[in-house]
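Here is a short briefing on a protein model. Keep the structure open while you read.

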Amino acid sequence: MEFRERLYQLRKGRGISQEELAHTVGVSRQAVQKWEAGAATPDLSNLSALADYFAVSLDYLVRGIEPEKPAAPSPQQAVIQNYYRGWRYEYRSRRTLFGLPLVHINLCDRSLCRAKGVNAIGRLLLALKELGLDGDSGQAAAFLADVLGEETRGEGLGIAMSDQISGALTVNLGIIRGGGEELSLTLDLRWPVTARYEDFADRLMGAMERGGFAGERTEGQDSIYMPPESPLVQALSKVYREQTGQEAELLSIGGGTYAKACPNLVAFGPLFPGQEMTEHQPDEYMEADTLLKNAQMMAAAIWELAR
């Protein structure tokens with residue numbers, strides 16, 4: 001049985017339509033239709049989302065291989081192994097620290113699928129807290145496990161917020177460094193476009209100070225937002241509609257964009273509905289037809305804006 005057939009059977013088993021599955025995964029209905037027809041294959045992010053939604057492993061979803069049942073943990077290993085319960089496709093390095101692998105890569109864990117990833121630092125902090133280490137290091141690990149851990153929305157830090165335009169604030173503990181008597185952290189925060197860093201900075205710094213950390217904003221970019229009714233967005237939407245015959249779907253994202261380089265800019269293109277997202281992945285590419293279509297649309301957009 002091929003991937004497209006497994007996907008079809010899993011969807012039918014849930015009793016949902018292609019449109020409902022597309023909404024759950026965050027793609028267009030045409031993308032799901034292509035997957036089930038064998039005309040396209042989901043990228044890694046979408047495969048992870050599908051595996052999580054259907055509660056199957058990536059091995060089963062992609063290759064039809066059922067996962068082996070793990071052996072029951074011994075009493076001495078129970079605490080450590082509890083942190084891996086539910087993981088379906090993973091790599092663990094042989095070198096360990098306190099019984100935990102120094103490198104642990106997991107493609108989808110149900111408890112973190114809203115962030116579509118696993119924060120190895122958060123996992124390690126939770127394990128260290130469970131081990132009950134003494135001294136300043138143990139206290140720091142316990143504090144960070146409580147306020148950060150696997151949480152990605154800022155609730156533990158008291159800075160959770162969201163808006164209807166761009167969604168919820170996200171927090172990622174990306175780097176932790178230790179040496180001598182100093183422990184430093186690097187947090188990646190992305191907040192709603194209707195908020196400013198100053199709106200929650202005092203709460204963030206206050207939360208970290210309670211754990212003995214002194215914080216500072218080392219770098220960052222302000223959010224940008226262009227209302228749908230703005231002349232620029234209206235003009236680009238008109239070009240998209242005329243060139244494709246479809247209504248433009250306006251999106252807000254949490255990533256960086258060259259539109260931040262100058263005022264009064266928005267990102268425009270280059271993907272079309274149903275196409276795979278290959279950027280920042282191995283073998284990144286764009287099909288020749290898509291590249292030519294983008295060139296046509298950019299030329300039409302320049303003409304429309306210059307009129």
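Two helix axes count as oblique when their angle is neither under 35 degrees (roughly parallel), nor over 145 (roughly antiparallel), nor from 65 to 115 (roughly perpendicular). The axes of helix H1 (residues 3–14) and helix H4 (residues 44–54) cross at roughly 40°, and H1 and H4 are therefore oblique to each other. The model is predicted.

**The whole protein**

- The protein has eleven helices and eight strands.
- There are 307 residues, and buried residues make up 33% of them.
- The accessible surface comes to about 19700 Å². Carbon and sulfur atoms account for 51% of that surface.
- Take the contacts with a separation of 6 or more along the chain. Of these, 52% join residues 24 or more positions apart.

**H1 against H4**

- The axes of H1 and H4 come within 11 Å.
- H1 passes H4 in a left-handed crossing.
- On the H1 side, the residues in contact are Phe3, Leu7, Leu10, Arg11 and Arg14. On the H4 side, they are Leu47, Leu50, Tyr53 and Phe54.
- Sorted by type, the residues of this contact are seven nonpolar, no polar and two charged.

**H1 against H3**

- H1 also packs with helix H3 (residues 29–37): their axes come within 7 Å and cross at roughly 125°.
- That angle lies over 115 but not over 145, so H1 and H3 are oblique to each other.
- H1 supplies Phe3, Arg4, Leu7, Tyr8 and Arg11 to this contact. H3 supplies Trp35, Glu36 and Ala37.
- The residues here divide into five nonpolar, no polar and three charged.

**A closer look at Arg11**

- Arg11 lies in helix H1. It takes part in the contact with H4 and in the contact with H3.
- Is Arg11 buried or exposed? Its relative accessibility is 5%, and buried means under 20%, so Arg11 counts as buried.
- Leave aside neighbours within four places in sequence, and Arg11 touches Ile16, Ser17, Gln18, Leu21, Glu36 and Phe54.
- Among these partners, Glu36 belongs to the H3 side of its contact with H1, and Phe54 belongs to the H4 side.

**After H4: Ala55**

- Ala55 sits in the loop between H4 and helix H5 (58–63).
- Its phi is near 60°, a positive value in a residue other than glycine.
- The relative accessible area of Ala55 is 40%. This falls between the 20% limit for buried and the 50% limit for exposed, so Ala55 is partly exposed.

**H10 against H11**

- H10 (231–244) and H11 (288–306) are both helices. They pack at an angle of about 135°, with their axes 9 Å apart.
- That makes H10 oblique to H11.
- The crossing of H10 and H11 is right-handed.
- H10 brings Leu232, Ala235, Leu236, Lys238, Val239, Tyr240, Gln243 and Thr244 to the contact. H11 answers with Lys293, Gln296, Met297, Ala300, Ala301, Glu304 and Leu305.
- These residues comprise nine nonpolar, three polar and three charged.

**The loop between H10 and H11**

- Pro270 is found in this loop. The peptide bond from Gly269 to Pro270 is cis, with omega near 5°.
- Leu271 is found in the loop between H10 and H11 as well.
- Leu271 has 36% relative accessibility, so it counts as partly exposed.
- Not counting residues up to four places away in sequence, Leu271 touches Glu276, Met277 and Glu279.

**Where the loop meets H11: Thr290**

- Thr290 has its place in helix H11.
- With a relative accessible area of 7%, Thr290 is buried.
- What does Thr290 contact, leaving aside its neighbours within four places in sequence? Its partners are Pro270, Phe272 and Gln275.
- One of these, Pro270, follows the cis peptide bond from Gly269.
- Leu271 and Thr290 are 19 residues apart along the chain. Their C-alpha atoms are separated by 7.9 Å.

Methods
Residues numbered from 1 in each chain as written. Predicted model: local features only at pLDDT ≥ 70, side-chain atom pairs only at ≥ 80, totals over all residues. Heavy atoms only, no water. Axes fitted to C-alpha atoms, helices over the stretch in contact; angles between N-to-C directions. Helix = DSSP H or I, 4+ residues; strand = E, 2+ residues; numbered from the N terminus. Left-handed = near helix turned anticlockwise from the far one by under 90°. Contact = heavy atoms within 4.5 Å. Nonpolar A, V, L, I, M, F, W, Y, C, P; charged D, E, K, R; others polar. Buried < 20%, exposed > 50% of the residue type's maximum accessible area, 1.4 Å probe, protein only. Areas by Shrake-Rupley, 256 points an atom, 1.4 Å probe, with all protein chains shown as cover.
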